Amino acid sequence: MRRLAVFVLWIGSLQAQWERKQNIFQLRLENGATAEVEWISVSTFRVRRGIEGPPRKPIVERAVECKATENSTALVLETSELRLQVSKKGGLITVMLPAGLKIYSELVAQVADGKAVLETEAPSLEKYYGLGARPHPNADARGLAFSPAAQFYISARGYAFWIATQAPFEFDLAKTRPDRVRITSSDLERLEYYFAFGPSLKEIWEERHKITGSVDVASPQELELIAGPRMPRAALKLPALDLCGSAKALVHASLSGVLMPALDLRAFRAESDAVFRRAATLGVFSPIFQDSAPFPYEGAKAAIVEEARIYRKRLSHFLVTYADETRARGYPMIHPLLHQFPRDPEAGRRIDAYMLGDEFLLAPDCDGTARREVYLPMGVWTNWKTEQEHRGRQTASLEGSPDGVTVLVKNGSIVPLAGIKPTDPTELHYYPKIGGEFFIYEPGAGDYSQAHAGPAADIYRLEMESKVSRDYEWVVHHFDRPKGVDQVDAAAYSETSDAGPVAPAKWRYDSANRTLHIGIRAAAHSDVIVNIR
């Protein structure tokens, strides 16, 4: 790459140099050490310390706008989002926001004799999330010291830090010294890490995605119950833990940037039927659900596996859609409450419940208690099984589910469910009273079928823009009996009392559950609009 600029800085009799090549700043410091900072975007950068190596290909070709200046003690690199001060003597990095708020500060940064030490400030109220699929009951890793499988953490100050060097590292998160984080390793010659500022978790994932790039979309078959050892490339199997530990590890893994954590039902084969059922239900609502056992189950366990297989297959439209979001935006399929509700302080403390996508709130009941306390964030939440509604921004006492996972759906959601039989319509479960939408990813068409629903004046309007030919059944929950159902530019629908899936152009009202069922037929690339009077 063409050399853009070379600068030599003098301080007394000591010399420090830095050189800029597009987005890369290479520094030779006063103590003879070397360091390198590469901007990936205005809010994300890479740092490399240690022996010099061959020039590396820039992560992004497009120039990142960055102003470089100097003062007596530091090189200052400024973008529209961040201000870095790199000390001339030791190359220590301090990161500030444009307004001057410090969010990250190095105290020690050394790579010598095959050993690396990085120490950073740990303000008293700072929290750290992530660091692998671990069974710890608290969301915050502060106060722990261990060697994590995933060397990635998210700070409550709105940034993510992760190590790119392939080596084991020990993380001491303000345990030995309450005012600092200490990261150490040996048997390496170079330390490389990334820093991505959000400040929200969604923005952090998008920044990370610029570095990691897109993953392959998991196929519909890979998102069903997988028999055998093979999994999608973006999947990562959970470590061997008990059921309660596995439930927590799913969330910690997702906070560590694991896009598709996988639960293997084989790990619970020797458990009682009750524990095995709870594990199967947890697997149904995990990003990847696997059964690597090489031989079949018998008795009650065989029936449990078959029920889980059917349940999982019904979620295929939902799971394929969020697998595509993982590819396109870099979001983990599990959305920890911190991801979904970043302004809710209580959400940042919770690890005992999580979101699958934007619609499902899942509270694993791994130990089979009769009741359990579940924090419900903002909104109105419907129990998927009982249809009972609960107000959010409170901790609710919920009856434990015999299946092992209490499943709630947020008001305003549309949840697609594939039919049990191939000839059955795809169900679109809508939870009023606010409007909702769901874009179903269609792998064969490479496009999205779009479902929209919501109140409009004195009617409810349901719209399905389908990219494929398919029958659908709208299921509207918490709804009073309507006066009638009409399709725009078509004849009025007729009421039916027939059991089973509702045929196109018909509707049925279930007074016991207060649900309205409406059958529609959509040709490929059609737009079917139904009004409920």
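Hi everyone. Let's start where two helices touch: Trp 205, Glu 206 and His 209 in helix 1 meet Thr 326, Arg 327, Ala 328 and Arg 329 in helix 5. Sorted by character, the residues of this contact are two nonpolar, two polar and three charged. I should say right away that this is a predicted model, so please keep that in mind as we go around.

How do we describe a pair like this? Two packed helices are described by the angle between their axes and the distance between the axes. Here, helix 1 and helix 5, which covers residues 316–329, pack at an angle of about 65°, and their axes are 8 Å apart.

Now step back a little from helix 1. The loop between strand 18 (190–197) and helix 1 (201–212) holds Pro 199. Gly 198 and Pro 199 are joined by a cis peptide bond, with omega at about 10°. Why stop for that? Because most peptide bonds are trans, and most residues other than glycine have a negative phi.

There is another cis bond to show you, from Pro 432 to Lys 433, with omega near 25°. Look for Lys 433 in the loop between strand 32 (426–430) and strand 33 (436–442).

While we are on backbone angles, here are two residues other than glycine with a positive phi. Glu 387 has a phi near 70°, and its place is the loop between strand 27 (380–383) and strand 28 (389–391). His 525 has a phi near 65° and sits in the loop between strand 40 (515–522) and strand 41 (526–532). Which of them is buried and which is exposed? Glu 387 is buried, because its relative accessible area of 18% falls under the 20% limit. His 525 is exposed, at 63%.

Let's return to strand 33, just after Lys 433's loop. Strand 33 runs antiparallel to strand 34 (residues 447–456), and seven bridges join them. One bridge pair you can find is Glu 442 with Asp 447 in strand 34. These two strands form a hairpin with four residues between them, and Gly 446 in the turn has a positive phi of about 60°.

Strand 34 then has a partner on to strand 35 (residues 459–466): they pair in the antiparallel sense, over seven bridges. His 452 stands opposite Glu 463 in strand 35. This hairpin has two residues between the strands, and Ala 457 takes a positive phi near 60° there.

Keep His 452 and Glu 463 in mind, since they come back with Trp 474. Leaving aside neighbours within four places in sequence, Trp 474 is in contact with both of them, and its other contacts include Ile 414, Leu 428, Tyr 430, Leu 516 and Ile 518. Trp 474 also belongs to the largest nonpolar core, which has 141 residues. It is listed among those with the most contacts inside that core, along with Trp 39, Leu 82, Phe 360 and Ile 518. There is a second, separate core of 13 residues, and it includes Leu 337, Phe 341, Leu 376 and Leu 398. As background, in soluble globular proteins, nonpolar side chains tend to be buried together.

Leu 516 deserves a closer look. This residue is in strand 40 and is buried, with a relative accessible area of 0%. With neighbours within four places in sequence left out, its contacts include Trp 474, Val 476, Phe 479, Trp 507 and Ile 532. For a sense of scale, the C-alpha atoms of Leu 516 and Lys 67 are separated by 60 Å, and those residues are 449 apart along the chain.

Last stop: cysteines. How many disulfides does a search of the whole structure find? One. The disulfide joins Cys 244 to Cys 366, with 2.1 Å from S to S. The link is right-handed, with 100° about the S-S bond. Cys 244 lies in helix 2 (residues 243–255), while Cys 366 lies in the loop between strand 25 (360–364) and strand 26 (371–376), so the pair ties together parts that are 122 residues apart in sequence.

What about burial here? Cys 244 is partly exposed, with a relative accessible area of 22%, whereas Cys 366 counts as buried at 14%. Cys 66 is buried too, with a relative accessible area of 10%.

That's the tour. Thanks for listening!

Note on methods:
Residues are numbered from 1 along each chain as its sequence is written. This is a predicted model: local features need pLDDT of at least 70, side-chain atom pairs count only at pLDDT 80 or more; totals for chains, interfaces and linings use all residues. Side-chain values use heavy atoms; hydrogens and water are left out. Buried means under 20% relative accessible area, exposed over 50%, partly exposed in between (1.4 Å probe, protein chains only). A disulfide is a pair of cysteine sulfur atoms within 2.5 Å. Two strands pair if DSSP finds at least two bridges between them. Contact means heavy atoms within 4.5 Å. A nonpolar core is a set of buried Ala, Val, Leu, Ile, Met, Phe, Trp, Tyr and Cys residues joined through side-chain atoms within 4.5 Å. Axes are lines fitted to C-alpha atoms, for helices over the stretch in contact, and angles run from 0 to 180 degrees between N-to-C directions. Ala, Val, Leu, Ile, Met, Phe, Trp, Tyr, Cys and Pro count as nonpolar, Asp, Glu, Lys and Arg as charged, and the others, Gly among them, as polar.
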